[in-house]
Amino acid sequence: KEDKKGLKDYYKNFFPIGVAVTPRQLEDSAQRKFILKHFNSLTAENVMKMAPIHPEEHRYNWEGADAIVNFATANGLKVRGHNLCWHTQAPKWMFVDSMGNQVTKEVLLGRLKAHIYAVVGRYKGKIYAWDVVNEAVSDNPKEFLRNSLWYKICGEDYITKAFEYAHQADPQAMLFYNDYNTEYPEKRQRIYTLLKKLRDAGVPVHAVGLQGHWSVKDPSEEMLKQAINQYASLGIKVQVTELDVSIYTDGNIPEQAGAASNSPFTAELQQQQAEQYGKFFSVFRQHKGTVTGVTFWNLSDRYSWLDNFPVRGRKNYPLLFDKDLQPKTAYWNVIRF
Ligand SMILES: Oc1ccccc1CN[C@@H]1C=C[C@@H](O)[C@H](O)[C@H]1O
């Protein structure tokens, strides 16, 4: 007999369970049914990023974002907005003037403000949480903040401004700083330092998003616990915002990755992945109240962004469901506790 309960039902006393979706997936009845069975929160995988939603200075593309928000509203699902300020998938026009020269800090901040007011304003009361700034901290131990165009033109002020604009646009929204590799001690320390600086300055940062692009090898339970506790010590909430567990262990920075070539999803990997997912969710449950949401990046092994990152065309099997939307071994480890 098909189990009527889905992932979200097993976690109803802990936190919402989310998934990153595309508008096209919502047009397919099998995937719609699957989403409604297992999840009670949605994130737009791409259509709410800066360039997709704001391709030209005076043109916004609301169609995809509206489709996801309308589906969520119609079905009583939460929505996490992703994202308001990022160095990737940012529109090129935002950084240059009509002569093609790089804009000043004032102009860029004015454009960021207009973007955030328009996007957050449109979904005020429908999107409860925003990833305001994504991946501002550098991976390079010699640097503090990533040397992106945002940083080059504005210095670190763009981070504070982004949060202030978002808070002005929707004072009820829960505002996140979102990043990856948030458990590695030295990057964790830099993210902690940034968050502490912002909180001490009264900047409206309410939570940290651990993207959770993890693997069958890392992080350890201990590293994860330490990271959650250290961020929570700032008085902020924690969510896992883009969870997947890669079968490859050669890292997720393109320049360094790629050592491991295409691998089948072996029984050994299935077992390792199931153990990892089981451990991660045990830690999440232990931190109920501090961890206020867990969102997977992509629905099932049918498609993962990891199929093309950090190595193009290297098939991955990172999620709880297989290509036919059926539960994998890892799923049973996550719902049995
Ligand atoms: O794990 C990483 C390593 C290096 C760069 C970016 C990332 C992750 N970057 C994430 C992944 C997929 C995108 O769709 C998300 O918007 C982004 O937040």
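**Exercise 1. Sort the residues around the ligand by class, then pick out the nearest ones.**

Start with the classes: the shell around the ligand holds five nonpolar, five polar and three charged residues. Here Ala, Val, Leu, Ile, Met, Phe, Trp, Tyr, Cys and Pro count as nonpolar, Asp, Glu, Lys and Arg as charged, and the others, Gly among them, as polar.

Before going on, note that this is a predicted model, where local features need pLDDT of at least 70 and side-chain atom pairs pLDDT 80 or more, while totals for chains, interfaces and linings use all residues. Numbering runs from 1 along each chain as its sequence is written, and side-chain values use heavy atoms, with hydrogens and water left out.

Next, the names: 13 residues surround the ligand (a heavy atom within 4 Å), and K49, H82, N134, E135 and E242 come nearest.

**Exercise 2. Find polar side-chain atoms that meet ligand oxygens, and say how much of the ligand is buried.**

Take H82: one of its polar side-chain atoms sits 2.6 Å from a ligand oxygen. For K49, a side-chain N or O atom is 2.8 Å from an oxygen of the ligand. E242 also places a polar side-chain atom 2.8 Å from a ligand oxygen. Now the area: alone, the ligand exposes 430 Å², and the protein buries 91% of that (Shrake-Rupley, 1.4 Å probe).

**Exercise 3. Describe the lining of the largest pocket.**

Count first: 30 residues line the largest pocket, with W86, T88, E135, W305 and F309 nearest its centre. Lining residues have an atom within 4 Å of a point on a 1 Å grid; a pocket is an open set of points where a 1.4 Å probe fits, with protein on both sides within 12 Å along at least five of seven lines. Then classify: eight are nonpolar, 13 polar and nine charged.

Definitions and conventions:
A polar contact is a pair of N or O atoms within 3.5 Å; within protein, one must be able to donate a hydrogen and the other to accept it, and residues adjacent in sequence count only if both atoms are side-chain atoms.
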